[in-house]
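Work through the following exercises with the sequence and the coordinates open beside you. Each task is followed by a solution in steps.

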Amino acid sequence: QVQLVESGGGLVQPGGSLRLSCAASGIIFRINVMNWYRQAPGKQRELVATITSVGSTNYADSVQGRFTISRDHAKNTVYLQMSSLKPEDSAVYYCNTRGVTASIRDFDSWGQGTQVTVSS
C-alpha cells in the first residue's frame, strides 16, 4: 500500500507564494505519474498539474505560468511551487500518484489534502 503525506499549505496574501510537498511511502517499484488536484467549496475537483516519470509536465490553463510542478525521484516526492497566488486559487489541494508496487500491482493513491487560502 502506498501512502501520501502532504505539507506546505496555509494562508498567504494575494500575489504571494507557497510550496506544497507530497511524499509517497511504501514498497514502490515505479511511479508513473504524480498529480496535484484542487477542490474549492461547491466546486468539482480539478486537475492542476501533472508530471510524468520522464519529467513531462502539464498544467491547467488557470495556473499556467504561475505554478511549477517538480519531483525528486530519490525521495518519491512531488512539489508544487505556487506563485502570484490569487484568491481564486484558494482550495484544498490533493496529491495523487499512480504507479506499480514492488509486488507488481497498480496503485492509485491520494493524499489527505492540504488547505491553501489566499486572502488579504
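A residue is called buried when its relative accessible area is under 20%, exposed when it is over 50%, and partly exposed in between. The model used in these exercises is a predicted one.

**Exercise 1.** Determine whether Asn 96 is buried or exposed, and describe its surroundings.

*Solution.* Begin with the location: Asn 96 is found in strand 9, which covers residues 91-101. Its relative accessible area is 0%, so Asn 96 counts as buried. Next, consider the contacts beyond four places in sequence, among them Leu 4, Val 33, Tyr 37, Asp 108 and Trp 110. Finally, turn to the polar contacts, where the side chain of Asn 96 is joined to that of Asp 108 at 2.7 Å and to that of Arg 98 at 3.2 Å.

**Exercise 2.** Find which residues form the aromatic pair, and state which parts of the chain the pair ties together.

*Solution.* A search of the whole structure gives one aromatic pair. Tyr 37 and Trp 110 form this pair, with 4.9 Å from centre to centre and 50° between the planes, and the arrangement is tilted. Because Tyr 37 lies in strand 4 (residues 28-39) and Trp 110 in strand 10 (residues 106-110), the pair ties together parts that are 73 residues apart in sequence. As for accessibility, Tyr 37 is buried at 14%, whereas Trp 110 is partly exposed at 36%.

**Exercise 3.** Identify the rings over which Arg 45 lies.

*Solution.* Take Tyr 94 to begin with: the charged end of Arg 45 sits over its ring, 3.9 Å from the centre. Then take Trp 110, where Arg 45 lies over the face at 4.9 Å from the ring centre.

How values were computed:
Residues numbered from 1 in each chain as written. Predicted model: local features only at pLDDT ≥ 70, side-chain atom pairs only at ≥ 80, totals over all residues. Heavy atoms only, no water. Phe/Tyr/Trp six-rings, centres within 6.5 Å; stacked < 30°, edge-to-face > 60°. Helix = DSSP H or I, 4+ residues; strand = E, 2+ residues; numbered from the N terminus. Buried < 20%, exposed > 50% of the residue type's maximum accessible area, 1.4 Å probe, protein only. Lys NZ or Arg CZ within 6 Å of the ring centre and 35° of its normal. Contact = heavy atoms within 4.5 Å. Polar contact = N/O pair within 3.5 Å; in protein donor to acceptor, adjacent residues only side chain to side chain.
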